[in-house]
Structure formats: C-alpha cells, structure tokens
Amino acid sequence: MAKQQFQNVRGMPDILPEVAVKFNYLIDLFRQLAADAGYEPIEVPIAEDKNVFIRSVGSGTDIVDKEMYVLPDRSGNELALRPEPTAGVVRAYLQHGMSSRPQPVRLQVAGPMFRYDRPQAGRQRQFTQVGVEVLGESSPSVDAQIISLALRYYKKLNLTNFSLQINSIGDNTCRPKYRRALVDYFNEHKKDLCETCRGRLKTNPLRILDCKEKSCQKIIDEAPQTLNYLCKPCQDHFSGVLEYLDTLGITYELNPRLVRGLDYYNRTVFEFYGEREGSQSSLGGGGRFDGLAEALGGKPVAAAGFGLGIERLILELEEKGIQLPTRPKLKVFVASLGEPARLQAFTLIEQLLDSGIGTVGTVDKDSIGGQLEKANKTGVPYAIIIGQKEVKEETVILRDMRSGAQEMIPVGGVIKELHKRV
C-alpha cells in the first residue's frame, strides 16, 4: 500500500517563508504604530464558548449561521473557533475586571481567525487580522482616532487610492424605528428579493442592505436611509466623528448602505475599500459597539475598534507594485574551507549572532565558489571567507557582495567592523 501524503486543510493554506516574512513585517509594523498610540497587546484564545459569538455577532448572521466552526470538546462543551477577535477581547475585559484600570483601556490584537467560506484569493477559511479595541470611552474622538491609526498604517505602507466609507446605524433608541421602516419597504418588494434576503427580512433586515445580488441592488438603492432615522444623541455623535475627521483632513464617503456583518455594532461603522474589483475589495473596517459588554453579561461599556485583513492587504500591495521584504534581514554569510577553518567559522557565526548581526553560513565541504553562490542567493551585503591561511594568520577576508571588493581584517576586529558597516 502506498503511503498517504497529507495535504493542508482546504482554505487553511500554508504560509511559506517568502510570504511569512511579509506577514511578520505587516504585523510588526502595525503593532509598533499601535504601541506608539498607547495600545497594549492582548492575546485571547482562538476558541471560545460558542455562545460568546452567538450573543455578540448575532444569530441570523452569515457568520454564526453558515461560517462559524463549532466543535465539541471531550467534556461535551461546544466551542467555536473565533471568527473575529472583538467578542473575545470584551469577554476578557469583563472577566478580568479591566474596568478598574484607568479608562479607556486601549488594546491591540493580531492573529488567525476562522470562517467556513468558499476559499478564494483574499478569502480563506483561516485568515489573519490585526486591529485595536478601545473600551471605556464614548467620545466621538475615539472613533476618529482609530480611523486615523488605520490610515497611518496604510500611509506607512505607501498605500493610496483607497476609500474610507462611513455611516451611522444608530442605537437601540432609534434603530427599531428604522428597522420597521426597512421591513415595511422590503415587504413591498419581497417577491423581487433573492432567497437569502427574504430570509433576512424576518431575522435581520439590516443585512439586506449589504446584499451583493444584482436582483436586490436596485431595490436597496431606493430603501430608507439610516441617517434619516437617527435620534438626537446619535446625530450629535456622528456629527462629532465627521468634525474630527474634517479637522484631520481625512477624506471619506458617506455610505448610507454600510451596515457591516456583525450585530454588535451601533452608531459609527466604517470600512476601507481598495481598488480591486468584487467583494474582496474590502481591506478591513470597524466601528462602535457600546452594547457588546452588556450582551456578554457585563455592565454597559462604551467601545470602538477595527480589524484589518493581512491577506487582502498583501494582495492590494502586490497589485499596486509596492514591495515588501521577502526574506529575513540577514547581513553576513560566513564561508569556510578546510577543517581548522570550519570550527573557526562555526564559532564566528555564533559570535556574530550574539552581537545582534543577522548571520548564516556553511561549515560543510562545499567549495568556496559554491558557498558564495549561496551567499548571493540569500541577498546578504557581506560575506566572510575563512581558509587555512586565515586561521594561521588570525584574519578573515571580508567581501562586499555588491561590489566584489575584498579586504583582509583581523578576526578579533570583525564584529566591530561589521557593526560600523551594517
């Protein structure tokens, strides 16, 4: 019987080294920008009690009804792989009494999420997000600040020509009136709605506004707009958000159809769209979720945040021709020839690493030419060559891989010399 060769699970791709370097670069950059703005890191489990997501994301949503991975553990509990991080962060905030800390609590998150969906470019069943959550502050300035942080991130990546779309979906005071208006309107056009939207009409009519089916688009265009149904506090809050964005000179588009796919949102919602066509043009988004803590059994906590998809961001950057690192930042390759040189090269590699200089090398029996060919492929700017002559004279040859120039330097001074150059 032939041995079985296993493959990765469909929709959960391997991230190979040249792509993993890009992932790490994008995540590290985001973490640094978020830290500069006062966001502390938090790590929450990739699995939660499934009811954490049912109560927060909402039954009747595609995520809960169709996309959530639910699995029983050995005790009979039903766990869910996280489809998004916010519910877990709020659960942790409540569980660990973080309301006793100085408010607001600013947190940053990064890691894998899971949704059972049809795999395609930019949409996998396991995907990576970075994001922030601000808990304990209701000011519209927070909404504008998190938007500004996301834009600062994109600016650092030289990503332009994308749009920020924003809306307010009201709160529990004004949204019921808007919901009734939507139901009345869509009932008049029920026969022309797609099958999915006819189901949403009973369970979650706001989600109809997000339908991409052509048969529904014309009907949606004429639907009541949420901005016309906002109560005075929601109007004032949204006006405040826009005022702060205007003060920063941030360009945005009002999109009265924007509702996002999670039930926990209220008031401000926003999304970033790239130039790629189709449903994968969304690079990420967020908004305010003041009622989420209460839905998870806690006291009400004002909150806002966003999540940005790394896979889609990489696709957008590639389409724009924006280059990201594709290999580790190695600086030196150590090549050796002969038995005495092998041990000295091995020791020098470790010494260079101890000093903080990225170094690789070979201590095998390849020819010097073969080793330098490896050095070229790694893209290092410098190579160190050690042979029997260099061992006797306690020197090394330092080669500039870009110009080909070589010089002899004492082995005891090589670390100091490289630190000056790299």
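**Reading contacts and burial in a predicted model**

Biologist: Thr395 touches Gln344, Glu390, Met408, Ile409, Pro410 and Val411, once residues up to four places away in sequence are set aside. In which strand does Thr395 lie, and is Thr395 buried or exposed?

Modeller: The model is predicted. A residue counts as buried when its relative accessible area is under 20%. Thr395 belongs to strand E15, which covers residues 395-400. Its relative accessibility is 11%, and therefore Thr395 counts as buried.

Biologist: Why does Glu417 count as buried, and which residues does Glu417 touch?

Modeller: The same cut-off of 20% is applied here. Glu417 counts as buried because its relative accessibility is 19%. The residue sits in helix H15, residues 414-421. With residues up to four places away in sequence not counted, Glu417 touches Leu398 and Ile409. Ile409 is also one of the residues that Thr395 touches.

Biologist: Where is Ile220 found, and how many Å apart in space are Ile220 and Ile208?

Modeller: A separation in sequence and a distance in space are to be read together. Ile220 is part of helix H8, residues 214-221. Ile220 and Ile208 stand twelve residues apart in sequence, with 7.7 Å between their C-alpha atoms. Ile220 has a relative accessible area of 2%, so it is buried. Beyond its neighbours within four places in sequence, its contacts are Phe186, Ile208, Leu209, Cys211 and Arg257.

Biologist: At roughly what angle do the axes of helix H6 and helix H7 cross, and is the crossing left-handed or right-handed?

Modeller: A helix pair is described by the approach of the axes, the angle and the handedness. The axes of H6 (residues 175-188) and H7 (residues 195-203) come within 10 Å and cross at roughly 145°. The crossing of H6 past H7 is left-handed. On the H6 side, Arg179, Val183, Phe186 and Asn187 make the contact; on the H7 side, Leu201, Lys202 and Thr203 do so. Phe186 is also among the contacts of Ile220.

Biologist: What percentage of the 422 residues is buried, and how many helices and strands are there in the protein?

Modeller: Totals place the local cases in context. Buried residues account for 50% of the 422, and the protein has 15 helices and 16 strands. Of the contacts between residues at least 6 apart in sequence, 69% join residues at least 24 apart. The C-alpha trace spans about 90 × 65 × 45 Å along its principal axes. The accessible surface is about 21500 Å², with 49% belonging to carbon and sulfur atoms.

Biologist: How many Å apart are the mean positions of the positive and negative charges?

Modeller: Each set of charges is reduced to one mean position. For the 55 positive and 53 negative charges of this protein, the two means are 2 Å apart.

Definitions and conventions
Residues numbered from 1 in each chain as written. Predicted model: local features only at pLDDT ≥ 70, side-chain atom pairs only at ≥ 80, totals over all residues. Heavy atoms only, no water. Helix = DSSP H or I, 4+ residues; strand = E, 2+ residues; numbered from the N terminus. Buried < 20%, exposed > 50% of the residue type's maximum accessible area, 1.4 Å probe, protein only. Contact = heavy atoms within 4.5 Å. Areas by Shrake-Rupley, 256 points an atom, 1.4 Å probe, with all protein chains shown as cover. Lys, Arg positive; Asp, Glu negative; His and termini not counted. Charge placed at Lys NZ, Arg CZ, Asp CG, Glu CD. Axes fitted to C-alpha atoms, helices over the stretch in contact; angles between N-to-C directions. Left-handed = near helix turned anticlockwise from the far one by under 90°.
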